[in-house]
Amino acid sequence: MKALSTVFWIFAVLLSDVMCAVVAYNYCDMLWCIKYAGYSAPAWTAFLVAIPYAVGIIVCVVLAIFFKKKAG
């Protein structure tokens, strides 16, 4: 069970890194579109992409804690 706990901690860290990369890419792309293409969507909409990642990170952390306690 301790191995599962470690795996879910690693998944949580990897998800947070991927989330940061995706949000940063979408934010920069959104700013470029607003500046040069005239789209009307505000740049903060890029941060809506972080919501599913945050849910996944929370689930991974909860499972990691659960498996850690289960291992005793």
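A residue counts as buried when its relative accessible area is under 20%. By that yardstick F8, at 16% relative accessibility, is buried in this predicted model. Its ring partner F67 also falls under the cut-off, with a relative accessible area of 15%, so F67 is buried too.

The F8 and F67 rings are a good place to start with the aromatic side chains. Four aromatic pairs turn up in the structure. In one of them, the ring centres of F8 and F67 sit 5.7 Å apart and the planes meet at 20 degrees, which makes the pair stacked, because planes under 30 degrees apart get that label. F8 belongs to helix α1 and F67 to helix α2, so this pair ties together parts of the chain that are 59 residues apart in sequence. The ring pairs also go beyond these two residues: F8, F11, F66 and F67 are linked by them into a cluster.

F67 shows up again in the surroundings of S5. This serine is part of helix α1, which covers residues 2-37. With a relative accessible area of just 2%, S5 is buried. What does S5 touch once its neighbours within four places in sequence are set aside? The contacts are A64, F67 and K68. Helix α2 runs over residues 50-71, so those three contact positions fall inside that range, given the numbering of A64, F67 and K68.

On the outside, the picture is a nonpolar one. Y27, W44, F47, L48, I51, V55 and V59 make up a surface patch of nonpolar side chains, and together they have about 680 Å² of accessible area. Which element gives the most to this patch? Helix α2 does, with three residues. Another member of the patch, W44, comes from the loop between α1 and α2. With a relative accessible area of 52%, W44 is exposed, because the cut-off for that class is over 50%.

Then there are the cysteines. A disulfide is a covalent bond between the sulfur atoms of two cysteines. How many does the structure hold? The count is zero. As for individual cysteines, is C60 buried or exposed? C60 is buried, with a relative accessible area of 9%. C20, on the other hand, comes out as partly exposed, because its relative accessibility of 49% lies between the 20% and 50% limits.

Note on methods:
Residues numbered from 1 in each chain as written. Predicted model: local features only at pLDDT ≥ 70, side-chain atom pairs only at ≥ 80, totals over all residues. Heavy atoms only, no water. Helix = DSSP H or I, 4+ residues; strand = E, 2+ residues; numbered from the N terminus. Buried < 20%, exposed > 50% of the residue type's maximum accessible area, 1.4 Å probe, protein only. Contact = heavy atoms within 4.5 Å. Disulfide = S-S within 2.5 Å. Patch = residues over 30% accessible without salt bridge, like charges linked within 9 Å, V, L, I, M, F, W, Y side chains within 5 Å. Areas by Shrake-Rupley, 256 points an atom, 1.4 Å probe, with all protein chains shown as cover. Salt bridge = Lys/Arg side-chain N within 4 Å of Asp/Glu carboxyl O. Phe/Tyr/Trp six-rings, centres within 6.5 Å; stacked < 30°, edge-to-face > 60°.
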